[in-house]
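Welcome! Have the sequence and the 3D view open, and try each exercise before you read its solution.

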Amino acid sequence: MVFIERKKLIKSLRSHRDTPEVKVLTGVRRCGKSTLLSKYADMLIAEGVPESNVFVRRFDAFDIPIGYDEKSLYADLAEAFRQSRNGTFYVFLDEIQDVPGWEEVVRKLHTRDNTDVYITGSNARLLSGELATYLTGRYVTVPVYPLSFEEYLGYRRAENADDSVDRLFGQYMMFGGMPGLFAAGLPDERRATEILTAVYESVIIKDVAGRYGVRDLATLEKLSRYLFSTSANLFSVNNVVRALKSAGANATYTTIDNQINALEKAFIVYSAEQERMRGKEMLRPQRKYYPVDNGLRNLATGFNGADRGAQLEGIVFMELKRRGYAVSIGALPAGEIDFVARRNAERLYIQVTLNMTEEQTRQRELAPLRKLNDAFPRLVLTLDWFSEGTTEEGIRIMNVIDWLCAGR
């Protein structure tokens, strides 16, 4: 099995080691949660934790018996406790949402002394319902996303140090960063189609249709592919309903709104809401939707390479999410700011464009940022290497690859 090092995520897990909170790793299926958890457990053992004090279960694995439930899990844990040695007992429960009644077991684990608990799940319902009731304020969420470009670059450079950064970014932009793509080397379009289709179908069937009882799979399929292929465009739910009806889908406002919500809870699509930068707040703001991974967007369009500007915008959006920002779209009376990113007291305004070599493009991208009158940083990200610098108004222009590799 290929292991792609994810230093920042391992560092995050280490920072929470032996704290009383339950650690909850969330993210779309196949984004690397299971491998990360397994690697972290192996690291603890390598550092001296007795193997008898490390309990690992992956509940979507073949060796988990049919009908495995909370009683089965409780019995297995009780037996493991009896065989453990003195010291902290580490529990790793992977894809826990597949075990009926798991919330009660996790609640009991939280009350046990010297027990450090880590769980993963592929649906936001993991943090709703009974878990939120049982563990209010007693869990910490660790989001896990597909590979960042920095992680992808480190892996590919270790495989072949001669690969150019531009070439690697082109491949990342086309196929995305789902870790399973790289189990047998760099994917071509055929392999990427097979692997990403399997990921997409497992999420749609298990985490959306199965978990939320969606029966109209045809409409769900059209909706998800529509959101992927038109990412970076502003929509209201009514816009989406009209577009799907024109394509022959059996769409109503309630159906589409519920299905979008389910897609977001499955972590396969994320949204950024429009906010007015001046004047009254919008009563019905529009949104942009972005797939969790660029490979899924290109899967929906047949890897035709179109809309590279939208693809680049999606990469920047997901990187902001990785860095812990809350992201919205800035609406001005005339113009739009691609991203308004907030993290604690920090705020950052970002425009994204393929290049700024044409003066008309340069002025168009700078204009919205020039209209802002606060002191927060303003940034333009571009694939153009020739326009880097800082304008007289203090707007920084930076190559997007450099920005992606300077994450913090």
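**Exercise 1. A helix and its cover**

Which residues of H13 are buried? Keep in mind that this is a predicted model.

*Solution.*
- Step 1: Recall the cut-off: a residue is buried when its relative accessible area is under 20%.
- Step 2: Go along the helix and list the buried residues: Ala 310, Gln 311, Leu 312, Glu 313, Gly 314, Ile 315, Val 316, Phe 317, Met 318, Glu 319 and Leu 320.
- Step 3: Set this list against the helix as a whole: 11 of the 15 residues of H13 are buried, so the helix is mostly covered.
- Step 4: Look just past the helix, where Gly 324 follows with a positive phi, near 85 degrees.

**Exercise 2. Checking a length**

Compare the expected span of helix H13 with the distance between its end C-alpha atoms.

*Solution.*
- Step 1: Helix H13 covers residues 308–322, which makes 15 residues.
- Step 2: The expected span is 1.5 Å times one less than the number of residues, and for H13 this gives 21 Å.
- Step 3: The end C-alpha atoms of H13 are 21 Å apart, so the two values agree.

**Exercise 3. Following charged pairs**

With which residue does Arg 156 form a salt bridge? Then work through the other pairs below.

*Solution.*
- Step 1: Start from the idea that side chains of opposite charge can pair when their charged atoms come close. The cut-off here is a nitrogen to oxygen distance within 4 Å.
- Step 2: The partner of Arg 156 is Asp 163, with the closest N and O atoms 3.6 Å apart. Arg 156 is buried at 8% relative accessibility, and Asp 163 is buried at 8% as well.
- Step 3: Stay with Asp 163, whose side chain also meets that of Arg 167 in a salt bridge of 2.8 Å, N to O. Arg 167 is partly exposed, at 43% relative accessibility.
- Step 4: Move to Glu 336 and Lys 288, whose side chains form a salt bridge of 2.8 Å, N to O. Glu 336 lies in strand S10 (residues 335–343) and Lys 288 in strand S8 (residues 287–291), so this pair ties together parts that are 48 residues apart in sequence.
- Step 5: Check how covered these two are: Glu 336 is partly exposed at 22%, while Lys 288 is buried at 3%.
- Step 6: Finally, look for shared partners: Arg 14, Arg 17, Asp 18 and Glu 47 are joined by salt bridges into one network. The count for the model comes to 28 salt bridges.

**Exercise 4. Two pockets**

Describe the largest pocket and the second largest pocket by volume, lining and residue class.

*Solution.*
- Step 1: The largest pocket holds about 610 Å³ of space. Of its 24 lining residues, Arg 30, Gly 32, Ser 34, Thr 35 and Arg 58 are the closest to its centre.
- Step 2: Helix H2 (33–46) and helix H8 (189–212) each give two or more residues to this lining, and H2 gives the most, with 5 residues.
- Step 3: Sorted by class, the lining of the largest pocket has 10 nonpolar, 6 polar and 8 charged residues.
- Step 4: The second largest pocket holds about 520 Å³. It is lined by 23 residues, and Lys 8, Leu 9, Pro 143, Arg 322 and Arg 323 lie nearest its centre.
- Step 5: At least two lining residues each come from helix H1 (7–15), strand S5 (139–143), helix H6 (149–159) and H13.
- Step 6: The lining of the second largest pocket divides into 7 nonpolar, 5 polar and 11 charged residues.

Note on methods. Residues are numbered from 1 along each chain as its sequence is written. This is a predicted model: local features need pLDDT of at least 70, side-chain atom pairs count only at pLDDT 80 or more; totals for chains, interfaces and linings use all residues. Side-chain values use heavy atoms; hydrogens and water are left out. Buried means under 20% relative accessible area, exposed over 50%, partly exposed in between (1.4 Å probe, protein chains only). Helices (H or I, at least four residues) and strands (E, at least two) are DSSP runs, numbered from the N terminus. On a 1 Å grid over the protein atoms alone, a cavity is a set of points where a 1.4 Å probe fits but cannot get out, and a pocket is an open set with protein on both sides within 12 Å along at least five of seven lines; lining residues have an atom within 4 Å of a point. Grid points are joined across faces, edges and corners, and a volume is the space filled by probe spheres set on the points. Ala, Val, Leu, Ile, Met, Phe, Trp, Tyr, Cys and Pro count as nonpolar, Asp, Glu, Lys and Arg as charged, and the others, Gly among them, as polar.
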